[in-house]
Amino acid sequence: MYRIHNKCRICSGEEMDEVLDLGLMPLANDFCDAHQEHSGYAPLKLLWCPRCTLAQLSVVVNPNILYYNYPYVTSKSQTMLEHFSVLTGDLMVECGKKSVVEIGSNDGTLLEYFAKLGFDKVVGIEPADNLRTLAKKRGIESYRGFFTEATALDVVDEIGFTDLVIARHVFCHIDNWHAAIHALGVLCGKDTVIAIEVPYFPDTIAKVEWDQVYHEHLSYMTIPAMQAALEGSMLHLSKVTHYPIHGGAIVMLLKRNDCGIQPGSLESPKVTLADLHKFAESQALQVKYLRSTVLSHVAEGKRVVGYGASAKSTQWIQACGFTRKQIKWVCDNTQQKQYKLMPGSDIPVVDEGALTRELPDYAICFAWNFAEEIMTKEKIFKAKGGKWIIPHGEIKIV
Ligand code: TMP
Ligand code: ZN
């Protein structure tokens, strides 16, 4: 199911510092029916390479197990749509406006934006059958499979070099970076712009977003790490833009070395070992705090539920050791997750309407990246006295 990977994926450094050890954890999106066989548990440990400043997991779970029937559907939330609107606007300034390829195109939501903006070649690459079918329904064609040199060659054969290649929150899921960067080079003409969006590790540690650490996220990105990864390749990092989505992300623009434009200077904060130790200490405190808060509410007879069966929610539920006794259910608007059990747990996932139907006393907003939007939407819960627990940074009760 998994293999050990304790050498740095970029520089092959063997002197990796251990940052966080979460023990054995279920796969964060392994939503199963009560009688279905689960994929199992794998170690979840975060390591840090002091040489190139990449953080990575100590294992790689077999991607066929992780992604075969992937329940993560690109969110249609207002927050996400606003991000897509800003992002597409920003990218339009950087590249030609005719053709785009998206790696990990999910259900085609972002590509539909480009189609509406007048791009005439709009193509996805997506391994999950269920997601490609959803994309097709909205008129987006996708190549089947993971992003490899072979897929890149197929795409170039069929549609030539594109103006833009975009990969949102997919690069950190890739094990073999050198192969992926080579394949990007194959996809890239002299004027192509590659936009890679990833969670930004300095934000992850500063805001103690430890729940972003799960088996799908193999790598945790800093700017020097990306530069080290590109060394010796035909690509370079030309620009980095910071966005607030998902608790802090960066979009890195890559261009071919022979594109004829000099890159600007790229500033980045330095991550120290002391920062990493503080992150691990704060993680333990956060877990202790949420656990004791929920246990004391339950002991007083209060009803506690979860909102948003995000991958992050699996991390919290496991780390706190919650069962159905503490958290009655987690509601979520993703049909594929509904009426299944939370990974590694007996807590059921239900539809979003449950919050208003049942009016629990406390709802833990596990989709804290959409907290404002969710709290605005769920007015009745609040009006009837319900309280939100936001497990992000300093855990807040609203
Ligand atoms: P994510 O943080 O990994 O994108 O997951 C967020 C989860 O929250 C996802 O399963 C969809 C769910 N969700 C809702 O159920 N209702 C909402 O209004 C929003 C914004 C998200
Ligand atoms: Zn390294």
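Guide: Contact, or touching, means heavy atoms within 4.5 Å of each other. Keep in mind that this is a predicted model. Let's start with an aspartate.

Visitor: Which residues does Asp 211 touch, not counting residues up to four places away in sequence?
Guide: Start with where Asp 211 sits: in the loop between helix 7 (201-206) and strand 11 (219-220). Once residues up to four places away in sequence are left out, the residues in touch with Asp 211 are Lys 312, Gln 315, Trp 316, Trp 368 and Pro 391.

Visitor: How far apart in space are the C-alpha atoms of Asp 211 and Lys 312?
Guide: Lys 312 is one of the residues that Asp 211 touches. Along the sequence the two are 101 residues apart, yet from C-alpha to C-alpha the separation is 4.8 Å.

Visitor: Is Asp 211 buried or exposed?
Guide: The cut-off for buried is under 20% relative accessible area. Asp 211 comes in at 1%, so the label is buried.

Visitor: On to the metal. Which atoms coordinate the zinc ion (ligand 2)?
Guide: Along the chain, the donors follow the spacing C-x2-C-x37-C-x2-C. Each C in that spacing is a cysteine, and the coordination is at 2.3 Å, through Cys 8 (SG), Cys 11 (SG), Cys 49 (SG) and Cys 52 (SG).

Visitor: What arrangement do the four donor atoms make around the zinc ion (ligand 2)?
Guide: Four donors count as tetrahedral if all angles lie between 85 and 135 degrees. Here the angles run from 96 to 123°, so the arrangement is tetrahedral.

Visitor: How many residues apart in sequence are the parts tied together by Cys 11 and Cys 49?
Guide: The two cysteines are both zinc ligands. Cys 11 belongs to the loop between strand 1 and strand 2 (17-26), while Cys 49 is in strand 3 (residues 41-49), so the parts they tie together are separated in sequence by 38 residues.

Visitor: And Cys 49 itself, buried or exposed?
Guide: Its fellow donor Cys 11 has 22% relative accessibility and counts as partly exposed. Cys 49 has a relative accessible area of 1%, and that makes it buried.

Visitor: Which residues of helix 3 are buried?
Guide: Helix 3 spans residues 109-116. The cover over its buried residues includes helix 2 (78-94), strand 6 (99-103), strand 7 (121-126) and strand 9 (164-168). Under that cover are Thr 109, Leu 110, Leu 111 and Phe 114.

Visitor: What phi does Gly 118 take?
Guide: Look just after helix 3, where you'll find Gly 118. Its phi is positive, at about 100°.

Visitor: Which residue forms a salt bridge with Asp 107?
Guide: Asp 107 is buried, at 2% relative accessibility. Its closest N and O atoms to the partner are 3.5 Å apart, and the partner is Arg 138.

Visitor: How many residues apart are Arg 138 and Glu 112?
Guide: The side chains of Arg 138 and Glu 112 meet in a salt bridge, 3.0 Å from N to O. This pair links distant parts of the chain: Arg 138 is in the loop between helix 4 and strand 8 and Glu 112 is in helix 3, at a separation of 26 residues.

Visitor: What ties Lys 377 to Glu 352, and how many residues apart in sequence are the parts?
Guide: Their side chains meet in a salt bridge, at 2.8 Å from N to O. Lys 377 lies in helix 12 (residues 371-377) and Glu 352 in the loop between strand 16 (349-350) and helix 11 (354-358), so the parts are apart in sequence by 25 residues.

Visitor: Which residues does Ile 174 touch, not counting residues up to four places away in sequence?
Guide: Ile 174 is in the loop between strand 9 and helix 6 (177-187). Its relative accessible area is 17%, so it is buried. Leaving out residues up to four places away in sequence, it touches Arg 9, Ala 180, Leu 218 and Ser 219.

Visitor: Finally, the surface. Which residues make the nonpolar patch of about 340 Å²?
Guide: One member, Tyr 2, is in strand 1 (residues 2-4). Tyr 2 is partly exposed, with 36% relative accessible area. The full patch is made by Met 1, Tyr 2, Ile 4 and Ile 65.

Note on methods. Residues are numbered from 1 along each chain as its sequence is written. Chains are lettered from A and ligands numbered from 1 in the order in which they are written. This is a predicted model: local features need pLDDT of at least 70, side-chain atom pairs count only at pLDDT 80 or more; totals for chains, interfaces and linings use all residues. Side-chain values use heavy atoms; hydrogens and water are left out. Patches are made of residues with over 30% relative accessible area and no salt bridge: like charges are joined within 9 Å, nonpolar side chains (Val, Leu, Ile, Met, Phe, Trp, Tyr) within 5 Å. Accessible areas come from the Shrake-Rupley method with a 1.4 Å probe; for residues, only the protein chains shown count as cover. A salt bridge is a side-chain nitrogen of Lys or Arg within 4 Å of a carboxyl oxygen of Asp or Glu. Helices (H or I, at least four residues) and strands (E, at least two) are DSSP runs, numbered from the N terminus. Buried means under 20% relative accessible area, exposed over 50%, partly exposed in between (1.4 Å probe, protein chains only). Donors are N, O and S atoms within 2.8 Å of the metal (3.2 Å for Na, K and Ca); water is not among the atoms, so sites may look incomplete. Four donors count as tetrahedral if all angles lie between 85 and 135 degrees; four count as square planar and six as octahedral if opposite donors are over 155 degrees apart and all others between 65 and 115; anything else is irregular.
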